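Work through the exercises below with the sequence and the 3D view open. Try each task before you read its solution.

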Amino acid sequence: MYYYYVLNIFLLACINMIAVLGVSIFTGFTGLFSLGHAAFVGIGAYTAGVLTYHWYVPFPLAILAGMLASGIAGLVIGIPTLRAKLRSDYFAIAILGFGEALRVCLENLSITNGARGLSLDELSGSAWVVGALLASLAFTRSLLRSRFGAMFMAIREDPVAAEMAGINLFRTRLLSLVVSAVLCGASGALLAHRIAFIQPVMFTMTQSTQLLASVIAGGMGSISGPAIVSFIFTALPEMLRKLEMYRLPAYGLLLVVIMIFRPQGLMGYREIPDLLRGTRDLLLARRVR
Amino acid sequence: MMAALLEVRGLTRVFGGIRAVDSLSFDAHEGGITGLIGPNGAGKTTVFNLITGVYRPTAGTVCLAGGRLTGCRPDDVVRAGVARTFQNIRLFARRTCLENVTTPILARASYGPIAAVLRTPSARSAERAAREKAFAIMEELGIERFASFQASNLPYGMQRKLEIARALACSPKVLLLDEPAAGMNDAETHELGETIKRALEDFGVTILLIEHHINLVLDICTHVVVMERGALLAHGTPGDIRENPAVVEAYLGRRRRDRA
């Protein structure tokens with residue numbers, strides 16, 4: 001029983017990490033803020049959930065449909081709002097409104113069973129979740145090492161200079177948004193079939209803030225930092241469950257402590273291999289001396 | 001006579017009631033260094049912003065080798081063959097120097113997102129070629145030893161050179177340099193002049209140079225355009241400009257008296 005409890009938390013942390021990877025691409029690497037990425041998680045969750053609940057669509061197809069729906073939603077919000085050259089705040093506000101509108105829609109549609117939510121089958125087994133996480137990590141790493149990663153980071157560092165390096169700001173930002181939305185959609189589809197129940201309130205601004213907080217606390221421009229922090233953020237509330245009402249302040253305190261001692265985030269913009277390399281160089285240097 | 005590569009015709013930009021650039025016309029000849037000088041606020045940087053598509057002109061046109069640049073987005077202007085540096089250095093600060101120079105080359109590479117994620121051989125070879133080309137440009141400018149440094153950790157003069165390297169990585173026909181010698185002493189300025197001349201020879205670019213170090217301009221430019229209050233005051237060879245009474249009065253006057 002206890003094993004199952006720990007495993008469940010682990011799998012939820014893995015699922016959360018997939019969404020955090022998506023936000024990391026968009027916020028950490030492309031430098032655009034979003035207070036509404038939970039909406040993409042929600043679209044993925046509901047698309048996949050509705051498909052398996054009403055039409056018994058096979059689970060893998062439902063995940064793909066969830067990813068596709070989130071990606072399309074990313075295009076729909078991104079095309080009008082990311083046009084503004086140097087202002088990314090239009091997007092931040094538009095996605096905030098979109099998230100709220102989505103919640104209201106989900107609460108009033110009959111196909112989603114309204115605010116009562118949908119009870120689903122528990123289809124996201126360990127293999128699915130861990131496999132999806134590893135695939136997402138490999139995907140993110142390859143994308144960021146490619147020319148697209150170089151263009152994302154150039155835009156984060158200086159949009160004006162990036163444009164004068166021949167980068168189409170609109171198209172590159174839109175690509176970043178769609179990729180991050182697709183990852184969030186995958187996370188949502190897995191989440192829905194892990195907790196086997198979805199409800200509109202699961203995908204509100206609180207969740208968006210948590211995704212963004214994971215990226216900022218983990219390090220803007222790092223894959224491993226946000227991944228580690230998202231794990232802590234999922235596991236910690238469970239570990240602190242005995243403290244009951246002190247749980248949430250403790251959670252907030254952790255965020256404040258990270259921001260005071262590591263304002264650049266847990267990992268800055270480095271990765272675990274960079275740290276290992278740094279340690280190796282330090283040891284070698286000592287031996288030479 | 002060399003052919004005009006960059007043609008500016010009747011270029012005008014009005015901000016509110018101020019005519020920052022006022023029906024300005026000049027040519028930048030192929031293979032030459034054209035100096036753009038004038039007192040502070042004469043509208044020189046605005047001309048660069050109009051050429052590169054950062055601002056849209058109120059009137060007038062800019063043509064590169066006969067093709068219109070006016071109305072193009074900055075990234076299209078870069079693709080057409082115009083690159084620039086910035087008055088206040090704008091590097092990709094938290095990336096390495098090599099990555100800074102590689103970025104414009106990768107921005108032109110043709111492989112798509114799917115090839116990128118699958119890391120296909122063609123994507124890998126495009127990335128390798130970009131790194132090699134970027135390193136070669138850095139070698140040419142003598143900054144290859146900084147390749148793995150974070151750009152923001154470079155000394156000031158090197159950051160300026162790195163910006164020139166990044167601009168050259170766009171494979172431009174015309175390179176716009178906005179006060180590349182700002183904040184440099186005479187020795188550094190002289191060295192920069194040599195770098196600019198070498199870039200001209202090795203990369204076959206035509207240069208348009210905004211600079212306040214008047215000696216550098218008179219030294220290396222083949223043609224000088226003088227602006228005052230947005231309008232053309234004079235143009236000609238450095239020799240003509242030195243002797244032009246209007247220019248001497250508006251711009252060089254005080255310096256002459258200092259020397260006397």
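The exercises go from a sheet to domains, the chain contact and single residues.

The model is predicted: local features need pLDDT of at least 70, side-chain atom pairs count only at pLDDT 80 or more, and totals for chains, interfaces and linings use all residues. Residues are numbered from 1 along each chain as its sequence is written, and chains are lettered from A and ligands numbered from 1 in the order in which they are written.

**Exercise 1. Find the strand order of the open six-stranded sheet in chain B, and its edges.**

Step 1. Helices (H or I, at least four residues) and strands (E, at least two) are DSSP runs, numbered from the N terminus. Two strands pair if DSSP finds at least two bridges between them.

Step 2. The order is E6-E7-E8-E3-E9-E10 in chain B, with mixed pairing.

Step 3. E6 and E10 (231–236) of chain B each have a single partner strand, so one side of each lacks a neighbour in the sheet. From one strand to the next, the twist averages 20°.

**Exercise 2. Describe the pairing of strand E7 (residues 174–178) of chain B and the burial of its residues.**

Step 1. Take E6 (residues 82–84) of chain B. E6(B) pairs with E7(B) in the parallel sense over three bridges. B:Val82 is opposite B:Val174, and B:Ala83 has B:Leu175 as its bridge partner.

Step 2. Take E8 (residues 206–210) of chain B. Five bridges join E8(B) to E7(B), and the two run parallel. B:Asp178 stands opposite B:Ile210. Between the two strands the chain passes through helix H7 (residues 186–203) of chain B, in a right-handed β-α-β crossover. Right-handed means that, with the strands pointing away from the viewer, the path from the first strand over the helix to the second runs clockwise.

Step 3. Check burial. A residue is buried if 20 or more other C-beta atoms lie within 10 Å of its own, exposed if 12 or fewer, and partly exposed in between; C-beta atoms are placed from the backbone. Five of the five residues of E7(B) are buried. B:Val174, B:Leu176 and B:Asp178 point one way, B:Leu175 and B:Leu177 the other.

**Exercise 3. Give the domains of chain B and the distance between their C-alpha centres.**

Step 1. Domain 1 covers 4–81 + 172–259, and domain 2 covers 92–155. These bounds come from an automatic or database domain assignment.

Step 2. The C-alpha centres of the two domains of chain B lie 29 Å apart.

**Exercise 4. Describe the side of chain A that touches chain B.**

Step 1. Two residues are in contact if their C-beta atoms, placed from the backbone, lie within 7 Å. Chain A gives 22 residues and chain B 28 residues.

Step 2. On the chain A side, H5 (126–145), H6 (147–157) and H7 (159–163) of chain A each supply at least two residues. H6(A) has the largest share, seven residues.

Step 3. The chain A side has 14 nonpolar, four polar and four charged residues. Ala, Val, Leu, Ile, Met, Phe, Trp, Tyr, Cys and Pro count as nonpolar, Asp, Glu, Lys and Arg as charged, and the others, Gly among them, as polar.

**Exercise 5. Place A:Ala196 and B:Ala65, and give the phi of each.**

Step 1. Most residues other than glycine have a negative phi.

Step 2. A:Ala196 has a positive phi, near 60°. A:Ala196 sits in the loop between helix H8 (169–195) and strand E2 (197–198) of chain A.

Step 3. B:Ala65 also has a positive phi, near 50°. B:Ala65 is in the loop between strand E4 (59–64) and strand E5 (67–68) of chain B.

How values were computed. Axes are lines fitted to C-alpha atoms, for helices over the stretch in contact, and angles run from 0 to 180 degrees between N-to-C directions.
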